[in-house]
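The following exercises concern one protein chain. Please examine its sequence and its structure before reading the solutions.

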Amino acid sequence: HKEGLFAATTGHGTSRVVDFVAEQNNWPTLTGDVPNAFNTTPVPDDIVLYCKPPEAWVMRDPENRRSQGWRIRKVLPGMREGPRLWLDFFFTKMTEHGFSRDTNDGTCFKQEERGVFFEGHMDDVHATGAYPGLSWFAVIMEEMFKVRSAIHGIHEADYEHLRRRRRRTPYGTFITAGAHHLEHLMALFG
């Protein structure tokens, strides 16, 4: 067992909090995905990792490069510590933009000045706030992490987040399992 190996993750309850805040304030929501989360995360200096260079690179100059190794500077997918390192990096960047981390749930953040509230689930983001603040949030997420995001309207919005289909209506937000998730379950269990 290694200390500090596991990363905080959200549950469906924290995602429902974002839905609730959006409903209570009549705000739009935003969903986003960081396509290369781990590739943007620096490996801390206290973690030293090396790998062999690709064979094609070694073949260019085999005399000088046969015994060399490359130091890993970015987190690679599949690293055991990858999720925790990504979330620590992501949350550090968010606090640099004025977000405060919730003391009860370390995956929820709020930016008081702009009125944005979000939960970060690994490489997925679910946020709400008044439209100007939410638009600002979408821009900084794109600039920092190349996040693909979409802002969903207040009423008659229909979108998916964490394998759950959300449909916002004047009567509230209704959540069902996403079609891809249902297809997967049907294939799995026959």
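**Exercise 1.** Determine what covers the buried residues of helix α5.

*Solution.* The cover includes β1, α4 (82-96), β5, β6, β7 and β8, where contact means heavy atoms within 4.5 Å. Helices (H or I, at least four residues) and strands (E, at least two) are DSSP runs, numbered from the N terminus. The residues covered are G133, L134, W136, F137, A138, I140, M141 and F145; buried means under 20% relative accessible area, with a 1.4 Å probe and protein chains only.

The model is predicted: local features need pLDDT of at least 70, side-chain atom pairs count only at pLDDT 80 or more, and totals for chains, interfaces and linings use all residues. Residues are numbered from 1 along each chain as its sequence is written, and side-chain values use heavy atoms, with hydrogens and water left out.

**Exercise 2.** Check the length of α5 against its expected span.

*Solution.* Helix α5 comprises residues 131-145. The expected span is 1.5 Å times one less than the number of residues, so the 15 residues of α5 should span 21 Å. The end C-alpha atoms of α5 are 21 Å apart, which agrees. After α5 comes K146, with a positive phi near 55°.

**Exercise 3.** Establish the order of the strands in the open sheet.

*Solution.* The six strands follow the order β4-β5-β6-β7-β1-β8, with antiparallel pairing; two strands pair if DSSP finds at least two bridges between them. At the edges are β4 (100-101) and β8 (148-152), each pairing on one side only. Strands β6 (residues 116-121) and β7 (residues 124-129) are joined by six bridges, and G120 has V125 in β7 as its bridge partner.

Key
Axes fitted to C-alpha atoms, helices over the stretch in contact; angles between N-to-C directions. Buried < 20%, exposed > 50% of the residue type's maximum accessible area, 1.4 Å probe, protein only.
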